[in-house]
Amino acid sequence: MEQSIEQTTEVLLCLSPGEAADLKEGINFLRNKKTGKDFILYKSKNRVRACKNTCKHQGGLFIKDIEDLDGRSVRCTKHNWRLDVSTMKYVNPPGSFCQDELVVEMDEENGLLLLELNPPNPWDSEPRSPEHLAFGEVQITYLTHACMDLKLGDKRMVFDPWLTGPAFARGWWLLHEPPSDWLERLCRADLIYISHMHSDHLSYPTLKELAGRRPDIPIYVGNTERPVFWNLNQSGVQLTNINIVPFGIWQQVDKNLRFMILMDGVHPEMDTCIIVEYKGHKILNTVDCTRPNGGRLPEKVALMMSDFAGGASGFPMTFSGGKFTEEWKAQFIKAERKKLLNYKARLVKDLQPRIYCPFAGYFVESHPSDKYIKETNIKNDPNELNNLIKKNSDVVTWTPRPGATLDLSRMLKDPTDSKGIIEPPEGTKIYKDSWDFEPYLNILNAAVGDDIFLHSSWIKEYFTWAGFKDYNLVVRMIETDEDFSPFPGGYDYLVDFLDLSFPKERPSREHPYEELSVSPRCMATAVHLLLLQSG
Ligand code: FES
C-alpha cells in the first residue's frame, strides 16, 4: 500500500503581541511553559531569527556566553560549543555547523509564532505493518564490539565486522573473545553493512580473512562525502562487491527484508547509521553517530542498538602541563562519561524501542605501552546504562556476551521467556586475555623507518594536510618514548593553529596552550595515512 506522506508544520511557541513587543534587541531565551521546551530568539532591528535551545552536538542547553562582548553568541553547558545566533552558525568548533532555524511568523495581531517544518520521515515511505514472526525467524547474535550477525528469515546480515587484529594502529584491541565460528558466520552472510571508515568498524585485518574466502561478498556502505573504502587499493584486500547506497532510501533485499542507511547530524561526511526492517519490524542501529540522522529517528522500533562507552580518544590522557593534572583528568573523564550515559539514556527513553542493546564499545587498550591510558581512560559500563534506562522506562535491555543470541519474536512476545536470549554455553571464554601484537607491530615499526622522517619538513606537511587552522590555540608536541618520557633528541616543537605556523616561542598574544605527548609510532601512523591519502 502506498501512503502519501507530506511535510507537516508544527507550532512550537506562540508569543502574544505584548510578549513579542517585549523582545529585546539581541539574544532572548524563552520557554514554552506547556511543553517545557526552550528556544533562543535573536532580534536585530525588525528581524527575528529563532532556533531550539538544543545543541547540535549532544543536545546540551545553551546559556549566555559571558565572554562574547557583542552579545551574539551562546555557550553550550555540556561541552562549551558556541553558537552565533545572529548567523545561526557555530563558532566553536570554527567553520563547522549551522543550527537548524525555525520559521518565524507574525500573526494578524502582531503576535509571533515559531514554526517547525517537518519533512516526511524517509522510513515512512511505503509503510509496512508488523506481521507475525515465528520463534527463531529473527535471531540476532552478538559477535564482538559493533559486530552483530542477524538472521532475518532466510537472509543473513552482518554489521561492522571487527573480529581480529587491532584498530587505530595498535591502540584498540578486542575486549571480547569472538565466537570460534566467526569467519564461517561472515562467509555465509548475504550482506554486510559497514557504518564508517574507522578501523573498529572497517577492519582490514578482518576483511582480509573474509576476502580470502569470499571476495565477492556484498558489502553496503552509505554514500558519504569521505568514502568508507577510500583506502581499499592500498590495503591490498581484494573485495569485488562493494555497494554505495544513497541515504534515506529503502534498499529492498527481498519481499520481507529492506534496509535504509541514514547519515549522522554531527559528522555527515563520514558517519552513518542503519534501519533494517523485516516483515514490518524495525531494528535501529545508530552505531557511533553522535546525532544520528540529526536527531530524527523512528520511535518504538523492535530493537535498538547504539554505542555507549566513551573513551574513544586519548584526550586528555596524553596531555600534560597547565591544567592537565591527574586530578583534573580523572574529574574530566568522570564528568564526560556521565554526560554520555545520560545522553544515551535520554535518547532511548525518547525513542522507546521495545528492546535496547548497548554495543560498539567493547575495546581495550591492551598493549603494554598503553597501560596508563587503559587504567585511566575509564569507559562506561553497559550494565550501568541499562539500569538507568530500566529505571526511567519500560524498555527491555540486553547486555550482550559474545555468541549470545536474541530471538526477536520470543522477546517481543514475552521478555521474560527463558529462551528469549540464549547465552553462550557454560565455560565459554568471554574476555580475551591475550592478543597477537607482533605481526601488527612489525608493520607499524616498519613505518617508523620511512624516508620521510629523515626530513623535518614532514611535520609542516602533516599539519597542512590536516587543514586545521584559524583557531586561537598553541600546542607543544613532544616526542616521547613508549612510557611517555621525552625521547632523547626527539621532536619538540610548537604549532600555532591561528596561522598554522611553527614558532620557536609561544606568541605574545593571549592564547590557550596545551602540551601533547606523542610516541613516534603514533606520528608515523598519522604520516603514513597522509602518504596513502596523497597517493
Ligand atoms: S557541546 Fe553541546 S552537547 Fe556537547
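**Exercise 1. Determine the secondary structure content of the protein and decide how its overall dimensions compare with the globule rule.**

Solution. The secondary structure of this protein, which is a predicted model, amounts to eleven helices and 31 strands. The next step is the radius of gyration, which is 25 Å and thus close to the 24 Å that the globule rule gives for 535 residues, so the protein is as compact as a globular protein of that length. The C-alpha trace can then be described along its principal axes, where the span is about 75 × 70 × 40 Å. As for burial, 51% of the 535 residues count as buried. Finally, among contacts with a separation of 6 or more, 63% are made by residues 24 or more positions apart.

**Exercise 2. Characterise the second largest pocket by its volume, its lining and the elements that contribute to that lining.**

Solution. Begin with the volume: the second largest pocket holds about 1,900 Å³ of space. Its lining consists of 48 residues, and those that lie nearest the centre are Lys52, Thr54, Arg291, Gly294 and Gly295. Two or more lining residues come from each of strand E1 (8–15), strand E3 (38–44), strand E9 (101–106), strand E10 (112–118) and helix H5 (326–351). Of these elements, H5 gives the most, with seven residues. Sorting the lining by class yields 18 nonpolar, 15 polar and 15 charged residues.

**Exercise 3. Establish whether Asn28 is buried or exposed, and list its surroundings.**

Solution. First locate the residue: Asn28 belongs to strand E2, which covers residues 26–31. Its relative accessible area is 7%, and because buried means under 20%, Asn28 is classed as buried. For its polar environment, a polar atom of the Asn28 side chain is placed 3.2 Å from the backbone oxygen of Gly26. Leaving aside residues up to four places away in sequence, Asn28 touches Leu23, Phe39, Ile40, Leu41 and Lys43.

**Exercise 4. Work out where Ser393 sits, whether it is buried or exposed, and which backbone atoms its side chain approaches.**

Solution. Ser393 is placed in the loop that runs between helix H7 (382–392) and strand E26 (396–397). The relative accessible area of Ser393 is 19%, and since the cut-off for buried is under 20%, this residue counts as buried. Turning to its side chain, one partner is the backbone oxygen of Ile389, which the side chain of Ser393 reaches at 2.9 Å. Another is the backbone nitrogen of Val395, which lies 3.3 Å from a polar atom of the Ser393 side chain.

Technical notes. Residues numbered from 1 in each chain as written. Predicted model: local features only at pLDDT ≥ 70, side-chain atom pairs only at ≥ 80, totals over all residues. Heavy atoms only, no water. Helix = DSSP H or I, 4+ residues; strand = E, 2+ residues; numbered from the N terminus. Buried < 20%, exposed > 50% of the residue type's maximum accessible area, 1.4 Å probe, protein only. Polar contact = N/O pair within 3.5 Å; in protein donor to acceptor, adjacent residues only side chain to side chain. 1 Å grid on protein atoms, 1.4 Å probe; cavity = no way out; pocket = protein on both sides within 12 Å on 5 of 7 lines; lining within 4 Å. Points joined across faces, edges and corners; volume = space filled by probe spheres on them. Nonpolar A, V, L, I, M, F, W, Y, C, P; charged D, E, K, R; others polar. Rg over C-alpha atoms; globule rule 2.2 N^0.38 Å. Contact = heavy atoms within 4.5 Å.
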